Amino acid sequence: MPEPGVGWTAALWYPSPAVSRKPRRALEKPAPPGPSAAGWSDGRWAVVLGLLAALLRVLSGTDRSWPYTAFYEGDSETFFRFARALLAGELYDGGIPFHPPGFAFFLAGLHLVVGAGAANAAVPHLAIKLILAVVVGGGSVALLYLATAAALGRTVAIATALLAAFHFGLYVLAVAPVGDGLFQLLLLAAVTLVVRRPEGELRAGRRVLLGLVWGAMALTRAEGILLGGLIVGFGAFLYWKKAPSAKDASRWRALLPWAAVALMAAAVVLPWT
């Protein structure tokens, strides 16, 4: 009988398991790609898309140095006079907030920023429209991306934000010194605060911010009270539905942070009633 490893038995000889065992490191699966290889974060996408929208609106809104855009006047004159009355310390509409005061205060703040805070100052309307193009136009598209990405995914969010960035009607709305553009920005801010909750609940900071946004919506357009309530109520319903149902009492107590949001919004609006 031939010895092992000699002659025809050499082809049948097999090394022992100790010899044939491969290094453990060679059998391990490759590590998943790090954050740098996973692509851009939602925050970076929002900034880029928002800047694109702002640039497009700046380029489209510099045709006239009028108090309003050439395509849409709306209540531009009303809010301009309202803002100037606020800066002069005078009453507008007889002191009755017939027109919601939110955008008038916002516009008066912009007048201060561009150096037109004095009662008899000349207002650089072109500068006002450029600021609106960046803040309202770019900010709305960035928030639209963040809200859509949380609800429908990044691909849908990018497509939606690009459509909004190149939408002509939103160009006009962004640079028009009326309350519609600011209301749109606040509305998207409220939706984003509700749908993007990585901690799963409303922390104190987000609770206060959401209440302030809801109150600002109500002061910018009257329907902001209803729409803000629907957005906050929808978020509270989703949170209540996902809460453990073992103890009904604790489940209802989980809604207290959402009630605090309503109280914060009421604190913003009630002084104007």
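This passage describes the salt bridges, aromatic pairs, cavity and surface patch of a predicted model.

Five salt bridges are found in a search of the whole structure. One of them joins Arg154 to Asp42, with 3.0 Å between the closest N and O atoms. Arg154 belongs to helix H7 (residues 154-165) and Asp42 to helix H3, so the bridge ties together parts that are 112 residues apart in sequence. The two partners differ in burial class. Asp42 is buried, at a relative accessible area of 17%. Arg154 is partly exposed, at 32%.

A second bridge connects Arg221 and Asp180, whose closest N and O atoms are 3.1 Å apart. This pair also links distant parts of the chain. Arg221 sits in the loop between helix H10 (204-220) and helix H11 (224-242), while Asp180 sits in helix H9 (residues 179-195). The separation is 41 residues. Arg221 counts as partly exposed, with 28% relative accessibility. Asp180 counts as partly exposed too, with 24%. Elsewhere, salt bridges with shared partners join Asp42, Arg154 and Arg196 into one network.

Another bridge lies within a helix. The side chains of Arg81 and Glu77 meet at 3.0 Å, N to O. Both residues are in helix H4; they are four residues apart and therefore separated by about one helical turn. Arg81 is partly exposed, with a relative accessible area of 48%. Glu77 is likewise partly exposed, at 40% relative accessibility.

Aromatic contacts were searched in the whole structure as well, and five pairs are found. In the pair of Phe82 and Tyr92, the ring centres are 5.0 Å apart and the planes stand at 25°, so the pair is stacked. Phe82 lies in helix H4 and Tyr92 in the loop between H4 and helix H5 (102-113), so the contact ties together parts that are ten residues apart in sequence. Phe82 counts as buried because its relative accessibility is 8%, and buried means under 20%.

The rings of Phe105 and Trp272 are arranged otherwise. Their centres lie 5.5 Å apart and their planes at 75°, so the pair is edge-to-face. Phe105 is in helix H5, and Trp272 is in the segment after helix H13 (256-269); the pair therefore ties together parts that are 167 residues apart in sequence. Both rings belong to partly exposed residues. The relative accessible area is 43% for Phe105 and 38% for Trp272. In addition, Phe79, Phe103 and Phe106 are linked into a cluster by ring pairs.

The structure holds one cavity of 30 Å³ or more. The largest cavity encloses about 60 Å³ of space. Its lining consists of Trp66, Pro67, Phe80, Leu107, His111, His125, Ile128, Lys129 and Pro177. Two elements, H5 and helix H6 (125-152), each give two or more residues to this lining. H6 supplies the largest share, three residues.

On the surface, Phe71, Tyr72 and Phe168 form a nonpolar patch. Together, these residues have about 340 Å² of accessible area. Tyr72 is located in the loop between helix H3 (42-60) and helix H4 (76-88). With 33% relative accessibility, Tyr72 counts as partly exposed.

Key: Residues numbered from 1 in each chain as written. Predicted model: local features only at pLDDT ≥ 70, side-chain atom pairs only at ≥ 80, totals over all residues. Heavy atoms only, no water. Patch = residues over 30% accessible without salt bridge, like charges linked within 9 Å, V, L, I, M, F, W, Y side chains within 5 Å. Areas by Shrake-Rupley, 256 points an atom, 1.4 Å probe, with all protein chains shown as cover. Salt bridge = Lys/Arg side-chain N within 4 Å of Asp/Glu carboxyl O. Buried < 20%, exposed > 50% of the residue type's maximum accessible area, 1.4 Å probe, protein only. Phe/Tyr/Trp six-rings, centres within 6.5 Å; stacked < 30°, edge-to-face > 60°. 1 Å grid on protein atoms, 1.4 Å probe; cavity = no way out; pocket = protein on both sides within 12 Å on 5 of 7 lines; lining within 4 Å. Points joined across faces, edges and corners; volume = space filled by probe spheres on them.
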